[in-house]
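Please look over the structure shown below before turning to the briefing. The points that follow are grouped by topic.

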Amino acid sequence: MPESMSVPAPFDDAALRKIAQPPNDPSTEYGCVFPLGWYESLLQEIQQRGIVALTYSDLFAHSDDRDWENCYEREFKHWHEHIRDPQATYLLIQHDVDFVPDFTKRMVALEALYGIRSSIFVFNRFVDEIPADSPYDDSPYVVDHEFFTAMQQRGFVIGYHQNALSVTKNLEDATQQFANDVMALREHYDIRYFCPHGGRAVEIDGRRLHNFDVPVPDVLRDSLRWVYNRYALRYSGRFSDGGLRRVNDPQHLQRLNLAGFLNALEPGRRYFALIHPQLWGYNINRAYNPALSEQQWYQQKLRDFG
């Protein structure tokens, strides 16, 4: 690993390398889909190609646009005309921390070592919505606030992964839960951004509602931005490993090759990658998505890094 930007103790480079190292016995940790060593190789490529890693704070440092219903049209126009370097390639990496926050900690430690910053979205309250056959059926949801606070000091963004409807199961209470969650997380972080968690639908009065159906509380509309899942910023291309368990379409499975996505990035444009850290580790569970296991590119990545 290369020398990185300075990180305050107790999370200096030596500590970050220790966090990121493989377990002595990978079979003892939660099952995953993609080898973390592959992700490190992709970070190396991002660094070597000089791809500019953006965060939401970078983008809104130059814009006061809060019109998420129109996907921040003013922000994108201003960025495109006045901020971007036509010779540079831009990438915003987002992590939704649905399970196993320690996997996110490990991935973020790697990013910090390579001087690459991401935007990380965490729950305030975890709701057990895990399928019976999931590798995360007994995983704790314990967020290391000391670590992620230190990463925020180094330019990473911490946001709220909004699961208020999943918590309350009714729309009326969900809006208050939304506000309570943000206030609780703001005791640790500078929460300015949120995205709704997918999660299971909640049936209310014959309607199937999701977390993205919860309105933003009035008290937060001037201090919070909705940045993904229903409303999002504008990009030239997107990658997501979300919803992986349900993917069977061969073309979709081919698009899960993150290396192929990176290879297609072009100068003068900005791109988005949603990466769920719980899917990346050392104990590969090939049964997670049998159709993916049949993909030749995936088999090759397991041979190279598994």
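**Strand E3 and its partners**

Valine 52 has tyrosine 90 as its bridge partner in strand E3. The model is predicted, and this briefing begins with that strand before passing to a helix, the nonpolar core, the salt bridges and two single residues.

**Pairing around E3**

- The bridge between valine 52 and tyrosine 90 belongs to the pairing of strand E2 (residues 52-54) with E3, in which three bridges join strands that run parallel.
- E3 also pairs with strand E11 (residues 270-275), again in the parallel sense and over six bridges, and here glutamine 94 has leucine 274 of E11 as its bridge partner.
- A further three bridges join E3 to strand E4 (residues 119-122), with the two strands running parallel, and in this pairing the partner of aspartate 96 in E4 is phenylalanine 121.
- Between E3 and E4 the relevant helix is H5 (residues 101-113), and the three elements together make a right-handed β-α-β unit.

**Burial of E3**

- Strand E3 covers residues 90-96, and seven of its seven residues are buried, so the strand is largely enclosed by the rest of the structure.
- In a regular strand the side chains alternate between the two faces of the sheet.
- In E3, Tyr90, Leu92, Gln94 and Asp96 point one way, while Leu91, Ile93 and His95 point the other way, and all of them are buried.

**Helix H2**

- Helix H2 (residues 36-49) has 14 residues, which at 1.5 Å a residue should span 20 Å, and its end C-alpha atoms are indeed 20 Å apart, in agreement with that expectation.
- The buried residues of H2 are Leu36, Trp38, Tyr39, Glu40, Ser41, Leu42, Leu43, Glu45 and Ile46, a list in which the charged residues Glu40 and Glu45 appear beside nonpolar ones such as Leu42 and Ile46.
- Directly after H2 comes glycine 50, which takes a positive phi of about 70 degrees.

**Nonpolar core**

- The largest nonpolar core has 96 residues, and those with the most contacts inside it are Phe34, Tyr56, Phe178 and Trp280.
- For tyrosine 56, when residues up to four places away in sequence are not counted, the residues touched are Leu92, Gln94, Ser119, Phe121, Val157, Tyr193, Val227, Tyr228, Leu233, Tyr235 and Phe272.
- Among these contacts of tyrosine 56 are Leu92 and Gln94, which point one way from E3, and also Phe121, the bridge partner of aspartate 96 in E4.

**Salt bridges**

- A search of the whole structure finds eleven salt bridges.
- Side chains of opposite charge can pair when their charged atoms come close.
- One of the salt bridges is formed by the side chains of arginine 106 and glutamate 29, at 3.0 Å from N to O. This pair links distant parts of the chain, with arginine 106 in helix H5 and glutamate 29 in the loop between helix H1 (13-20) and strand E1 (34-35), 77 residues apart. Both arginine 106 and glutamate 29 are buried.
- The side chains of arginine 74 and aspartate 64 also meet in a salt bridge, at 3.2 Å from N to O. Arginine 74 lies in helix H4 (residues 73-83) and aspartate 64 in the loop between helix H3 (56-60) and H4, so the pair ties together parts that are ten residues apart in sequence. Aspartate 64 is exposed, with a relative accessible area of 56%, and Asp64, Asp65 and Arg74 are linked in a network of salt bridges.
- Arginine 221 and glutamate 69 make another salt bridge through their side chains, at 3.6 Å from N to O. Because arginine 221 lies in the loop between strand E8 (207-209) and strand E9 (225-226), and glutamate 69 in the loop between H3 and H4, the pair ties together parts that are 152 residues apart in sequence. Arginine 221 is partly exposed, at 32% relative accessible area, and glutamate 69 is also partly exposed, at 38%.

**Arginine 270 and glutamine 251**

- Arginine 270 is found in strand E11 and is buried, with a relative accessible area of 1%.
- Leaving aside neighbours within four places in sequence, arginine 270 is in contact with several residues, including Leu54, Glu75, Trp79, Tyr90 and Tyr235.
- Arginine 270 and arginine 84 are 186 residues apart in sequence, and their C-alpha atoms are 8.8 Å apart in space.
- Glutamine 251 lies in helix H9 (residues 250-255) and counts as exposed at 58% relative accessibility.
- Glutamine 251 and alanine 201 are 50 residues apart in sequence and 27 Å apart in space, C-alpha to C-alpha.

Note on methods. Residues numbered from 1 in each chain as written. Predicted model: local features only at pLDDT ≥ 70, side-chain atom pairs only at ≥ 80, totals over all residues. Heavy atoms only, no water. Core = buried A, V, L, I, M, F, W, Y, C linked by side-chain atoms within 4.5 Å. Buried < 20%, exposed > 50% of the residue type's maximum accessible area, 1.4 Å probe, protein only. Contact = heavy atoms within 4.5 Å. Helix = DSSP H or I, 4+ residues; strand = E, 2+ residues; numbered from the N terminus. Expected span 1.5 Å × (residues − 1). Pairing = 2+ DSSP bridges. Right-handed = clockwise from strand over helix to strand, strands pointing away. Salt bridge = Lys/Arg side-chain N within 4 Å of Asp/Glu carboxyl O.
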